Amino acid sequence: MFMEYALGAFIIGGLLGFIKDYKASVKASSFMALIGSLALLGEVYNVYTNGPERLNLYRIPLHITATSNVFLLILGIVGTAASLYAISYMDIFERTGKGWVYAIAYNTFLASMALVVTVNSMEYFVMSWELMTLSSFILVFFSEKARDVGASVKYYITMHFLDTIPLFLALGTAYSLVGSFEKLSFDNIATALASAPAHTKIVFGGLLLIAFMAKAGIVPFQFWVAETYRAAPTSVSAVMAGAMEKVTLYGLIALVWKLVGTTYLLGIAIALLGATTLTVGTLYALRETNAKRLLAYHSIGQMGYIWLGIGIGMALIPKGGALAAIGALGAFAGLFHALNHAIFKGSLFLSAGAVEYRTGTVELEELGGLGRQMKWTALAALFASLAIAGVPPFNGFISKWLIYVAGYQSKDFLLAFGALLAVFISAATLASFVKFYGTQFGGEMKRYKEVREVPGTMLLGQWILAGLTLLIGVFPGTVTGILNVFNAPIKDGVYRIGFGSVLFSPVLFIVLVAVIAVGFYLSFRPEYGKEATPWDCGTTALNEDEYRVSSEGYYIKYEEKIGSFYRFSDWFYMIGEGIIRYIVRGYMWIASYFVKIVDTPYTRIETLDDLRRGRVLNADEEALKPLIRFLRIACDVLPGIRLGTFVVIALIVVGAVIGILMAL
């Protein structure tokens, strides 16, 4: 019932976009997205209390399992906060005048993710996944700025080559196993795979793994993330980082692990990919000076933590006995961190959007002193910053700590090394968020003295998530029942959580910290109200706003020490971006070729802008126009086609066929 309400609300939200007034359409559609997200939370409670649910909704077979429920919880929480926040935040894009684009794309984005984690058919899974990709692509270039359009095109092309193609090949593999589109349920596929040859399982699982790695930004497929999250409206970035990335985790568990099966080697590979990703993402974030790009790199890093936990589970659970219990703990910790990351990363993006809403920038070099003018935003950002850094008693500490425990107790060198690396990177995460928080909210800057707090809906959206970082950190038992789908033997309650004899009590920790804090206060008696002019070292030409450590200068010496790492990683980034750049150039060549056939040989087609016609930016003109134009002119061109042109087209077709055969 709640699932019907949720999808119905998203559909109505999309239709409300046809209200002509921009603000009215955006606010009404965001409100319906809020209602739909709340309905998803209602479905979570229903399944948690009554068990898994099967239903046929709009002729789409759904199976809401305990695993699905975890991801509906994530989507419901992030969708609620971001949709409420967007009611006021999206006003800054009023100049685009395209409320209907946002309304349809945003509600479709939420609905498609809800379907991805609940459909019970490979066919509908792929269709929902592609709908999720298309709608998110439209939202990324919503601002219509040239740089944002470029980021959206890179995202879309990357997803089509690393996401769409592998998924469709996996769909074809599943079809060959069951022999009918009507029989493509996950249950039938699992049955067919049980008796399938080993190489078929490897191909099917490998294709899915590539698709999920690409969408999650796992190394080496992380090169699209930073610019995409920077370009998207911040409320959308919060949903992409908080929910869309987690959908890939659902695919890893529900399709790769449960359908294909797991082995020790596969689990080790997943864990090592996670350890590599958490290292690369976090160290890149450490040197970033754009708030949204910094958060995007941390999304890469935090997904690494999650994959490390799931990898521990995939490696150890098949071993049985005590190791299986440790593996279940690792998998549980990975899911726990997925929820926690969705909460604190969503909150951090919303706080960055609040700063952007009032100052017009997210460049850390240009910000400072906002803590006094935007007290509630600053406090929410502080909570989320402490949570992502793994500082107790916030929620990020508990899930990270359980990942460490699982890795240490695994009795496996590689898994223990991954956990040790994760501990070190947590310190780098804390250092990064000292910069993130300090440069925006610390100190004083005269240029922002007139800045005021953001509207109430934006504050409430931030605090729904920021409050949960503390609530779940202090009372983890509020969510462990929903999250423990692997039956990990954890000990949890109001006062403690842990595994075996390794226990942590958030309540006792708070009491201890409070006693120490009061002791320090009484001992040192800080003085308030005194003001002094900062020492300027005798100069008269330096603006007082510049009396601060710049974001670039925070860890410059540290960056110099690991410069070789950055150079090596930059080389990989160049490879990924170079591949996409050449794909775009190839696309442009094909597009210009067909444009010249239809129009005139002298038509200049050098950029994507040249393909647009009129003032309105349309998705088909960006991504599908060459194919559409080809279909329209093929019957006119083919009868009189020249030999050279025929050879070019034939080579393209042959190349595509060879590529597919090599992939198979």
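**Rings, core and hairpin: a chat over the model**

Mentor: Let's start with a cluster: ring pairs join Tyr-85, Tyr-89, Phe-93, Tyr-102, Tyr-106 and Phe-142. Keep in mind that this is a predicted model.

Trainee: How many aromatic pairs does the structure hold?

Mentor: A pair of aromatic rings is described by how far apart the centres are and by the angle of the planes. One of the pairs here is Phe-137 with Phe-141, with 5.0 Å centre to centre and 70° between the planes, which is edge-to-face. For the whole structure, the number of aromatic pairs is 31.

Trainee: And Phe-137 and Phe-141 themselves, are they buried or exposed?

Mentor: They make up that edge-to-face pair. As for accessibility, both Phe-137 and Phe-141 are buried.

Trainee: Which residue lies over the face of Tyr-264?

Mentor: There are two lysines to look at here. Over the face of Tyr-305, at 4.6 Å from the ring centre, you'll find Lys-400. Over Tyr-264, at 4.6 Å from the ring centre, sits Lys-319.

Trainee: Where is Ala-232, and which residue is 90 places from it in sequence but 7.1 Å away in space, C-alpha to C-alpha?

Mentor: Ala-232 is in the loop between α9 (225–231) and α10 (234–260). Leaving out residues up to four places away in sequence, Ala-232 touches Leu-139, Val-140, Ser-237, Met-240 and Lys-292. The residue you want also belongs to the ring cluster we began with. With their positions 90 residues apart in sequence and 7.1 Å between the C-alphas, the partner is Phe-142.

Trainee: Why does Ala-232 count as buried?

Mentor: Buried means under 20% relative accessible area. Ala-232 counts as buried because its relative accessibility is 2%.

Trainee: What about Gly-13: what is its relative accessibility?

Mentor: Gly-13 is in helix α1 (residues 2–15). Not counting residues up to four places away in sequence, Gly-13 touches Ser-29, Met-32, Ala-103 and Asn-107. Ile-35 is 22 residues from Gly-13 in sequence and 9.3 Å away, C-alpha to C-alpha. Gly-13 counts as buried, so here's the value behind that: 0%.

Trainee: Which helix gives the most to the largest nonpolar core?

Mentor: That core has 209 residues, and those with the most contacts inside it are Met-113, Met-122, Phe-125, Ile-189, Leu-249 and Trp-307. The helix that gives the most, with 20 residues, runs over 321–359: α13.

Trainee: Beyond four places in sequence, what is Met-113 in contact with?

Mentor: Met-113 is among the core residues with the most contacts. Setting aside neighbours within four places in sequence, its contacts are Leu-75, Met-132, Val-239, Ala-243, Met-244 and Val-247.

Trainee: Over to the strands: which residue takes a positive phi in the hairpin of β1 and β2?

Mentor: β1 (residues 53–57) and β2 pair in the antiparallel sense over five bridges, and Leu-55 stands opposite Leu-62 in β2. Strand β2 (residues 60–64) is mostly covered, with four of its five residues buried. Two residues lie between the strands, and the one with a positive phi near 55° is Tyr-58.

Trainee: What is the average pLDDT of the protein chain?

Mentor: Some stretches score low: pLDDT stays under 50 over residues 596–602, for which the model has nine contacts beyond four places in sequence. It is also below 50 over residues 641–648, with five contacts beyond near neighbours in sequence. Across the chain, 85% of the residues score at least 70, and the average pLDDT is 85.

Technical notes:
Residues are numbered from 1 along each chain as its sequence is written. This is a predicted model: local features need pLDDT of at least 70, side-chain atom pairs count only at pLDDT 80 or more; totals for chains, interfaces and linings use all residues. Side-chain values use heavy atoms; hydrogens and water are left out. Buried means under 20% relative accessible area, exposed over 50%, partly exposed in between (1.4 Å probe, protein chains only). Two strands pair if DSSP finds at least two bridges between them. A nonpolar core is a set of buried Ala, Val, Leu, Ile, Met, Phe, Trp, Tyr and Cys residues joined through side-chain atoms within 4.5 Å. Contact means heavy atoms within 4.5 Å. pLDDT is the predictor's confidence in each residue, from 0 to 100. Rings of Phe, Tyr and Trp (its six-membered ring) pair if their centres lie within 6.5 Å; planes under 30 degrees apart count as stacked, over 60 as edge-to-face and the rest as tilted. A charge sits over a ring if NZ of Lys or CZ of Arg is within 6 Å of the ring centre and within 35 degrees of the ring normal.
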